[in-house]
Amino acid sequence: FQIGGDLYDFIQIDNDSFVVVMADVIGKGIPAAIMMGMVKGALRAFVDCMQTCDKYSLASVIAKMNKFTYEQCSNGEFVTLFIGVINTRQMTLRYCNCGHEPAVLVRDGEIAELNEGGMVLGVEIDTKHNIVSTDLKADDLLLFYTDGLIDAVNFDNKIWGRERLYETIIKCDKRSAKLFTHNLLGYRRRFTGLSPQQDDNTNIL
């Protein structure tokens, strides 16, 4: 078996809202997995306070997570994070991208990158991050992923890359999440063949 530093999570806030998280500790193996376990615990604790403490907002959660990772990460370690709050009644997504691969919003055959936010967590203790809100529509598709998805290489040492990902997204069957994911990873496997991959691959659709 293998372990690594990718993280995804869903945290219910109320009947209409939930938090979606995609994160990656820069590092591999046991140290990265231990650090990510700590990050997950801290993140859930801070998000839980959004339900009970009026002063807690998405911005305050990110600030506390940055301080936590700054204090806990070893030299050379840091955490990329995409965190969003989806409100299913208002049909909105409030998000912050902390140096992570941009989430993708697909609407009417067009792709928009969700890359607003700021730098990775754990580098500077007083880093400021921006919170952005975007409206959602009924047939929108959201894809969250870690860099292992696009950093896949074939036997010629060519990287699959973000451009091929976006081309593939447009071609994929979007009738269900299962079909889309099957198609997406199938196209990726056609490119990589049986070439062994070195990084974790985590996706949320």
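**Figure 1. The whole chain: four helices and 10 strands in one protein chain.** Helices here are DSSP runs of H or I with at least four residues, strands are E runs of at least two, and both are numbered from the N terminus. Read along the sequence, the elements come in the order β-β-α-α-β-β-β-β-β-β-β-α-α-β. This is a predicted model, so local features need pLDDT of at least 70 and side-chain atom pairs count only at pLDDT 80 or more, while totals for chains, interfaces and linings use all residues. Residues are numbered from 1 along each chain as its sequence is written, and side-chain values use heavy atoms, with hydrogens and water left out.

**Figure 2. Overall dimensions and surface of the protein chain.** The C-alpha trace spans about 50 × 40 × 30 Å along its principal axes. The radius of gyration is 17 Å, which agrees with the value near 17 Å that a compact globule of 205 residues would have; this radius is taken over C-alpha atoms, and the globule rule is 2.2 Å times the number of residues to the power 0.38. Of the 205 residues, 45% are buried, where buried means under 20% relative accessible area, exposed means over 50% and partly exposed is in between (1.4 Å probe, protein chains only). Take the contacts with a separation of 6 or more: 64% of them come from residues 24 or more positions apart, a contact being heavy atoms within 4.5 Å. The chain exposes about 11000 Å², with carbon and sulfur atoms supplying 50% of it; areas come from the Shrake-Rupley method with a 1.4 Å probe, and for residues only the protein chains shown count as cover.

**Figure 3. Asp 9 and its partner Arg 44.** Asp 9 sits in strand β1, residues 6-12. Its relative accessible area is 8%, so Asp 9 is buried. The side chains of Asp 9 and Arg 44 make a polar contact of 2.8 Å. A polar contact is a pair of N or O atoms within 3.5 Å; within protein, one must be able to donate a hydrogen and the other to accept it, and residues adjacent in sequence count only if both atoms are side-chain atoms. Setting aside neighbours within four places in sequence, Asp 9 also touches Val 19, Val 20, Val 21 and Lys 40, among its contacts.

**Figure 4. The Thr 80 and His 100 pair.** Thr 80 belongs to strand β3, residues 79-87, and His 100 to the loop between β4 (92-98) and β5. Their side chains are joined by a polar contact of 2.7 Å. Thr 80 is buried because its relative accessible area is 7%, and at 8% His 100 is buried as well. Beyond neighbours within four places in sequence, Thr 80 is in contact with Met 22, Ala 23, Asp 24, Ile 26, Cys 98, Gly 99 and Val 120, among others. With that same allowance for neighbours within four places, the contacts of His 100 include Met 22, Ala 23, Asp 24, Leu 81, Phe 82, Tyr 145 and Thr 146. For a sense of scale, the C-alpha atoms of Thr 80 and Phe 191 are 26 Å apart, with their positions 111 residues apart in sequence.

**Figure 5. Helix α3 and what it packs against.** Helix α3 covers residues 161-171, and its buried residues are Gly 161, Leu 165, Tyr 166, Thr 168 and Ile 169. These buried residues pack against β5 (103-107), β6 (110-114), β9 (141-145) and α4 (177-192). An α-helix has 3.6 residues a turn, so residues three or four places apart point the same way.

**Figure 6. Gln 72 in helix α2.** The helix takes in residues 58-72. Gln 72 counts as partly exposed because its relative accessibility is 36%. Leaving out neighbours within four places in sequence, Gln 72 is in contact with Met 35 and Met 38. Gln 72 and Leu 141 are 69 residues apart in sequence, and 35 Å apart in space from C-alpha to C-alpha.

**Figure 7. Two loop residues with positive phi, Asp 108 and Asn 157.** Asp 108 isn't a glycine, yet its phi is about 55°. Look for Asp 108 in the loop between β5 and β6, where it is exposed with a relative accessible area of 75%. Asn 157, also not a glycine, has a phi near 65°. Asn 157 lies in the loop between β9 and α3 and, at 61% relative accessibility, counts as exposed.
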